Amino acid sequence: MANIKEIARIAGVSVTTVSRVLNNHPYVSSNKRAVVLETIEQLKYTRNMNAVHLITGRTGAVAVILPYINSFYFSIVMEGLAHEALIAQYRLIVCQTNYSREEELKVLDMLRNKEIDGVVIVSTALTPEIIAEYTVYGPIVTCQNSGKHGYSSVYTEHYAAFRHGLQYLYDKGHRKIGYCDGRQNGSSSSFRQSAYHEFLAEKRLPFHEEWMIFDCVNEESGAAIAQQLLTMPERPEAMMVAGDHIAAGLIIEARKHGMSIPGDLAVMGIDNQPIGRLLEITTIDNQLYEMGAAAFRMFHEQINGGSHCPVYRKLEHRIIERSTV
């Protein structure tokens, strides 16, 4: 099997020049680069990447832990991650875990075993204390507020963002406000539930258990919410919906049944998704794309000799006013 020394001998260049060509180093003349590439092709040379990884101490790959790949929330975060990874010429290993602790630990074990250079955690079932145990093996960045536990994080304050949205609806004159979300026991959902209960209590607004709807994950869920609202003896006049795609399903189904949006029902989404822009849905922009991009940049700076001190970055949300409130 051909090796670098043989390539250098046949091409009439130094081993260093061959190495530079293989690593796409810029300081090689076009003539020498062409000769080396032609020789590599003739000899059908294939790099032993295991050996390269042993020499460099790098794999050129970062694992991304996320529960589902078909969630709009996570897909927008992934867009930001993927864009920055492409610029840095890093491979993303996407690990769908379904919030299984065992599956998430398998990914962290990949870091311990030097199969990857780092881990970006978009959402997790693991405690911060468990995650922190793996920071000795390489950079870990989370896309949620995990507190200060020895690894970096970039996040949105879901409590503050949700309260801001509720206040926006209140200032628009709405007093009967409902709410729908995905996982009832998720970390982000727990912050939103706290904001919801506390806001209603402070403003002395009516609370109805049936106005809190969970397990809403897609457009069909939104349509089901609209049908559910139509059966209520007393229904909310405004809905906070955790996800523009769910809000879209609600709006489309509600209009099929003759409901005016926002006349009969005001709808406010979250995450500023493309479908929200298309249907002019008022929403809370949590900067999900920037969250993913910033998470990768944090990892990349640390792996390339930057400070090993954790960085904690809070992203500012904003309300985008459109036509559904």
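Where is Pro 262 found? Pro 262 sits in the loop between H11 and strand S9 (266-270), and we will come back to this loop in point 5. Here are some notes to help you find your way around.

1. Confidence first. This is a predicted model, and the protein chain has an average pLDDT of 91, with 96% of the residues scoring at least 70. The highest mean in the chain, 98, belongs to strand S10 (residues 282-285), and the lowest, 53, to helix H4 (residues 49-56). Where pLDDT is low, the predicted coordinates should not be read in detail.

2. Helix H5 is a good place to begin looking. With 16 residues (72-87) at 1.5 Å a residue, H5 should span 22 Å, and its end C-alpha atoms lie 23 Å apart, so the two values agree. Its buried residues are Tyr 73, Phe 74, Ile 76, Val 77, Met 78, Gly 80, Leu 81, Glu 84 and Ala 85. Among the elements covering them are strands S1 (61-66), S2 (91-96) and S3 (118-121), together with H8 and helix H13 (288-303).

3. H8 turns up again at the cavity. The count of cavities of 30 Å³ or more comes to one, and the largest cavity holds about 40 Å³ of space. Its lining consists of His 158, Ala 161, Phe 162, Arg 192, Ile 270, Ile 284 and Asn 286. Helix H8 (residues 158-171) gives the most to this lining, with three residues. Sorted by class, the lining has four nonpolar residues, two polar and one charged.

4. Ile 270, from that lining, is also a contact of Gly 243, as are Asp 271 and Gln 273, leaving aside residues up to four places away in sequence. You will find Gly 243 in the loop between strand S8 (238-241) and helix H11 (244-256). Gly 243 counts as buried because its relative accessible area is 0%. Its C-alpha atom is 8.5 Å from that of Asn 218, although the two are 25 residues apart along the chain.

5. Back to the loop from the opening: Ile 261 and Pro 262 are joined by a cis peptide bond, with omega about 10°.

6. Two residues other than glycine have a positive phi: Arg 204, near 55°, and Asn 272, at about 50°. Arg 204 is in the loop between helix H9 (187-203) and strand S7 (212-213), while Asn 272 is in the loop between S9 and helix H12 (274-278). Are they buried or exposed? Arg 204 is exposed, because its relative accessibility is 78%. Asn 272 is buried, because its relative accessible area is 13%, under the 20% cut-off.

How values were computed:
Residues numbered from 1 in each chain as written. Predicted model: local features only at pLDDT ≥ 70, side-chain atom pairs only at ≥ 80, totals over all residues. Heavy atoms only, no water. 1 Å grid on protein atoms, 1.4 Å probe; cavity = no way out; pocket = protein on both sides within 12 Å on 5 of 7 lines; lining within 4 Å. Points joined across faces, edges and corners; volume = space filled by probe spheres on them. Helix = DSSP H or I, 4+ residues; strand = E, 2+ residues; numbered from the N terminus. Nonpolar A, V, L, I, M, F, W, Y, C, P; charged D, E, K, R; others polar. pLDDT = per-residue confidence, 0-100. Expected span 1.5 Å × (residues − 1). Buried < 20%, exposed > 50% of the residue type's maximum accessible area, 1.4 Å probe, protein only. Contact = heavy atoms within 4.5 Å.
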